[in-house]
Number of protein chains: 4
Amino acid sequence: MNILIYNEGVHDKEEWMKQIYPEGIHGALKQALDFDGNNITVTTLEDVEKVVTEDLLDKTDVMLWWGHCAHGQVPDCVVDMVHRAVLKGMGFIALHSAHLSKPFTRILGTSCTLKWRDDDRERLWVTAPSHPIAQGLPEHFELPREEMYGEYFDIPKPDDIVFMGWFAGGELFRSGCTFTRGYGKIFYFQPGHEQFPTYYDKNIVRILKNAVKWAAPMVRREQIGCPNSKPAEAGKD
Amino acid sequence: MNILIYNEGVHDKEEWMKQIYPEGIHGALKQALDFDGNNITVTTLEDVEKVVTEDLLDKTDVMLWWGHCAHGQVPDCVVDMVHRAVLKGMGFIALHSAHLSKPFTRILGTSCTLKWRDDDRERLWVTAPSHPIAQGLPEHFELPREEMYGEYFDIPKPDDIVFMGWFAGGELFRSGCTFTRGYGKIFYFQPGHEQFPTYYDKNIVRILKNAVKWAAPMVRREQIGCPNSKPAEAGKD
Amino acid sequence: MNILIYNEGVHDKEEWMKQIYPEGIHGALKQALDFDGNNITVTTLEDVEKVVTEDLLDKTDVMLWWGHCAHGQVPDCVVDMVHRAVLKGMGFIALHSAHLSKPFTRILGTSCTLKWRDDDRERLWVTAPSHPIAQGLPEHFELPREEMYGEYFDIPKPDDIVFMGWFAGGELFRSGCTFTRGYGKIFYFQPGHEQFPTYYDKNIVRILKNAVKWAAPMVRREQIGCPNSKPAEAGKD
Amino acid sequence: MNILIYNEGVHDKEEWMKQIYPEGIHGALKQALDFDGNNITVTTLEDVEKVVTEDLLDKTDVMLWWGHCAHGQVPDCVVDMVHRAVLKGMGFIALHSAHLSKPFTRILGTSCTLKWRDDDRERLWVTAPSHPIAQGLPEHFELPREEMYGEYFDIPKPDDIVFMGWFAGGELFRSGCTFTRGYGKIFYFQPGHEQFPTYYDKNIVRILKNAVKWAAPMVRREQIGCPNSKPAEAGKD
């Protein structure tokens, strides 16, 4: 698979975060997805406009997106290309605070707003145990520290709610949701706050692996357009 | 109900179209929805930027949108406001070639492309007979002349497919589809080509009436945002 | 509205339960739904075979079902009639341990199994705030004592998940789910363990009221069958 | 894969049908699915009670079901086992008039009634082009003679409508629908009337192959039950 990882990479430069993710969040994601000879490209806000081209996206099976404080700085031309690539078949995985990223809200069309609070304890439950993304996971597992994201989460009705998050502080959340848009498969996954080493957790790594395998396209659309068509019945007359 | 009708109103100025819709498509829609004392505002491309304000949208229960050749000329600020109003609860009914209108594609996030051909005969089938929008309709009815819109229609999975269209030329289409986005209800309805008097058909009028009643909000959201929340469990500690 | 309440009424005869529900669970439900001149019929396991007839069901707008320890004793002929009535348009509200009742599992076709534990504290979150059943409810509210029902809940994908339950013991649950089957609307609602006075809670009462209004049919089907039909195109040849 | 084909095999014994399906419909299905070393078991009404055991079903990846005039003669114990096997993960493909078969209506819970007429011409359209079952198919293809099945089709809302059927006589139908129930994947596929050689059509064969691959379980459930569970939070206290 050809995998493309976008991490805005802003927090990652601060000292406190280097304690948690020495190679940045993109480094941890790359490590998690380094299996079966996957070809992984990494980009951050600094070079996203150079790296992300239509050519690259046409060859990309799945793109992952992590962003938080710099959503507004992502160039619209990149967002346009990513949006179009998803409709043509590229898988797209929006991680944690990417719920407010330009490509995710563009693809889903809703505000994707939610309730949040720093630093809680989360238990993730599998609510669609036969879904490919849930394979090999226990019926529930725990993240000792994670940012709380709570309902109401303003998303379109998901195809499947694979995981729901329970928070010790009293909230719950549709934490792992799938969508189909055009030919593309989309997975939103809530865990992954920059202050905690979530992307090293073995269950989280398993979910990321499952998710890229699930989201990779079986078929792509070449063109997006409205063809003027002759009557299908013409040959019959 | 407060109803807002947008018709781009470009074709409507041509002589051939005055034969079909002397008062414009907006005139025919207004006539169809003039029941139960509805308060109906009409706007066209010429004045849409002046007429459509946040204040007006906050009071509007349902907006209808007809557009075809001038989608690109609709100001983005109007689209932003309409999009936001839908997420806050305003109903939105996209008619015929509004499948490619800015607000509809913005709200749904897909290309909304389809296959088309001028001038066919359509039979509409009710495929969700207990849905409010289907009330009072026969199990199928016919439009002697209508533009063919055919699959594949690139929309997100609808909540309900209330009508499907059968075309004599050999195609079929998900002609009447509902969606929920945020607090808003959306209905896409395919018939309504400018060359035929579709909006005077008694079954079509019945569907439009049913649809505005269905799409009117029961409740609206005041704010769209991501509140930082205290633990729901706080009072328990 | 014509409302029919079935409560198996077995626990209700024991002394400990009379402390909680002096009139039985059916009594509390009847009291909750006694608004707008509703015509309410009550039946228990003792007389269900006599009371529930096709005539009664044809006139019933919404049936509520509470059962726990005597699911197996409900006569199959009653289940057949209720099943058929739902497909023809009657609303059906399955309460608490009715997840394993004969009519509910018959209508949904899955095992409807779940995880459970006595006596926890539950917080219910509204996850579809614009749904009619959620009107007038706060974004969350609490039941100080309720039986825990946890995921994985083996139900078909709901149309809407209106409420989700958070349990202090660490679980969560799709507590308020809607389904459509044939012309009938179905609502499953998890709270209502016989050991706690849940059906006197003002938020629960509000939900029950909203639910019967939502589930009442707008239209009913007279017949269920497979008609041999002449070609719709016949008149055209 | 282990594949189990049930064909009631009643019409198949008549002379006229031997002209079309010399080996019976089960023979044609077996031939279509004889790829990649699949292990295929065939059963008919005559021996279904002997052949279909829990052991066999536990090892079966996908079961196909064709039935028409002898639905009522299928023993309920077989239906119980098949139903349970699907909820545990076995794929199930209901073909043509199996819409009224005991296992299909049991699994879906609705009447599965529809409109029908002998001998029409059908054009099948792909309405979910990125779905695994649609791979390798043209955007539409034709069956020169097929029984007409028309809407309203009384099924629960499908997960995906992969194919829709257009009939020359003026009707349309949700011809290829997927469902998930428990851990099992279900596909209903309308073409396959006993009077026409539909199961030899190369597009139909392709769809059958795609469907069994899609329906095969990735994971199975061992047990179906309601466990009494200790608090997930217990270890935390």
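Me: How many bridges join strand 5 of chain C to strand 6 of chain C?
Reply: Heads-up: this is a predicted model, where local features need pLDDT of at least 70, side-chain atom pairs count only at pLDDT 80 or more, and totals for chains, interfaces and linings use all residues; side-chain values use heavy atoms, leaving out hydrogens and water. Residues are numbered from 1 along each chain as its sequence is written, while chains are lettered from A and ligands numbered from 1 in the order in which they are written. Strands (E, at least two residues) and helices (H or I, at least four) are DSSP runs numbered from the N terminus, and two strands pair if DSSP finds at least two bridges between them. Strand 5 (residues 115–126) and strand 6 of chain C run antiparallel, and the bridges joining them number eight.

Me: Which residue of strand 6 of chain C does C:Arg123 stand opposite?
Reply: Look across to strand 6, residues 140–150 of chain C. There, the residue facing C:Arg123 is C:Glu142.

Me: Which strands of chain C stand at the edges of the sheet?
Reply: The sheet is open, has nine strands with mixed pairing, and its order is 2-1-3-4-9-8-7-5-6. An edge strand has a single partner, so one side of it lacks a neighbour in the sheet. In chain C, that fits strand 2 (39–43) and strand 6.

Me: What turn lays chain B on chain A?
Reply: Copies are superposed by least squares on the C-alpha atoms of residues with pLDDT of at least 70 in both. Chain B lands on chain A with an RMSD of 0.0 Å and a shift of 0.0 Å along the axis. That's the relation of a two-fold axis, and the turn is 180°.

Me: How much area do chain A and chain C bury between them?
Reply: Interface size is often given as the accessible area lost when the parts come together. Here it's the accessible area (1.4 Å probe), summed over both parts. Carbon and sulfur atoms hold 68% of the area buried between chain A and chain C, which comes to about 1,800 Å².

Me: Which residues of chain A lose the most area to chain C?
Reply: Three residues stand out, together giving 32% of what the chain A side buries. They are A:Trp125, A:Trp166 and A:Leu172.

Me: Which residue of chain A forms a salt bridge with C:Asp160?
Reply: A salt bridge needs a side-chain nitrogen of Lys or Arg within 4 Å of a carboxyl oxygen of Asp or Glu. Four of them cross the interface of chain A and chain C. For C:Asp160, the closest N and O atoms are 3.4 Å apart, and the partner is A:Lys157.

Note on methods
Buried area = accessible area lost by both parts, 1.4 Å probe.
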